[in-house]
Amino acid sequence: MNEQQIRCLFDKLNKEFFNNALPQPNGIEFHYVKSYLGQFQSTGQYGKYGTCVIRFSTAWEMTDFEVEKVLIHEMIHEWQWTVGH
């Protein structure tokens, strides 16, 4: 999947599971790393100039379903960031 497809999937999952409470990440990035499938990274506090990025590893071949599972997992981390947990 490319960035646009992942952002569309983000919107779908955000509506379905998070009542549209999550902001779109500032970035969707792709890196060749073997230490993770996906990664959520935030800087600063949500709502106070904080930013967040969701990263995907390109080192592993993933089906669209696997990408969806990785994305929802990272969205849970984003939810934790937005509610301060």
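**Exercise 1. Salt bridges**

Task: How many salt bridges does the structure hold, and where do they lie?

Solution:

Step 1. The model is a predicted one, and it holds two salt bridges. Side chains of opposite charge can pair when their charged atoms come close.

Step 2. Begin with Arg 7. Its side chain meets that of Glu 3 in a salt bridge, at 3.0 Å from N to O. Both residues belong to helix α1, where they are four residues apart, about one turn of the helix.

Step 3. Check the surroundings of this pair. Buried means under 20% relative accessible area; Arg 7, at 19%, therefore counts as buried. Glu 3 is partly exposed, with 35%.

Step 4. Turn to Arg 55. Its salt bridge is with Glu 29, and the closest N and O atoms are 2.8 Å apart. Here the pair links distant parts of the chain: Arg 55 sits in strand β3 and Glu 29 in strand β1 (residues 27-31), 26 residues apart.

Step 5. Apply the same check. Arg 55 is buried at 14% relative accessibility, while Glu 29 is partly exposed at 26%.

**Exercise 2. The sheet**

Task: In what order do the three strands of the open sheet stand, and which of them are at the edges?

Solution:

Step 1. Strands of a sheet pair through backbone hydrogen bonds, either parallel or antiparallel.

Step 2. Take the pairs in turn. β1 and β3 pair in the parallel sense over five bridges. β2 and β3 run antiparallel and are joined by six bridges.

Step 3. Put the pairs together. The order is β1-β3-β2, and the pairing is mixed.

Step 4. Find the edges. β1 and β2 each have a single partner strand, so one side of each is left without a neighbour in the sheet. From one strand to the next, the twist averages 25°.

Step 5. Locate individual partners. Phe 30 has Phe 56 in β3 as its bridge partner, and Thr 43 stands opposite Thr 51 in β3.

Step 6. Consider how enclosed β3 is. Six of its seven residues are buried, so β3 is largely enclosed by the rest of the structure.

Step 7. Add the helix. α1 lies across β1 and β3 and runs at about 130° to β1.

**Exercise 3. The nonpolar core**

Task: Which residues of the largest nonpolar core touch the most other members, and which elements give two or more residues to this core?

Solution:

Step 1. In soluble globular proteins, nonpolar side chains tend to be buried together.

Step 2. The largest nonpolar core has 16 residues, of which Ile 6, Phe 10, Ile 54, Phe 56, Leu 71 and Met 75 touch the most other members.

Step 3. The elements giving two or more residues to this core are α1 (3-18), β3 (51-57) and α2 (64-83).

Step 4. Look at Phe 56 in detail. Leaving aside neighbours within four places in sequence, the contacts of Phe 56 include Ile 6, Ile 28, Phe 30, Tyr 36, Leu 37, Val 67, Val 70 and Leu 71. Glu 29 and His 31 are also among them.

**Exercise 4. Aromatic pairs**

Task: How many aromatic pairs are there, and what is the geometry of the one between Tyr 46 and Trp 81?

Solution:

Step 1. The count comes to three aromatic pairs. A pair of aromatic rings is described by the distance of the centres and the angle of the planes.

Step 2. For Tyr 46 and Trp 81, the centres are 5.3 Å apart and the planes make an angle of 70°. Planes over 60 degrees apart count as edge-to-face, and this pair is edge-to-face.

Step 3. Place the two rings. Tyr 46 lies in the loop between β2 (38-43) and β3, and Trp 81 lies in helix α2, so the pair ties together parts that are 35 residues apart in sequence.

Step 4. Compare exposure. Tyr 46 is partly exposed, with a relative accessible area of 35%, whereas Trp 81 is buried, at 13%.

Step 5. Extend the picture. Ring pairs link Phe 40, Tyr 46 and Trp 81 into a cluster.

Conventions. Residues numbered from 1 in each chain as written. Predicted model: local features only at pLDDT ≥ 70, side-chain atom pairs only at ≥ 80, totals over all residues. Heavy atoms only, no water. Core = buried A, V, L, I, M, F, W, Y, C linked by side-chain atoms within 4.5 Å. Buried < 20%, exposed > 50% of the residue type's maximum accessible area, 1.4 Å probe, protein only. Contact = heavy atoms within 4.5 Å. Phe/Tyr/Trp six-rings, centres within 6.5 Å; stacked < 30°, edge-to-face > 60°. Salt bridge = Lys/Arg side-chain N within 4 Å of Asp/Glu carboxyl O. Pairing = 2+ DSSP bridges. Axes fitted to C-alpha atoms, helices over the stretch in contact; angles between N-to-C directions.
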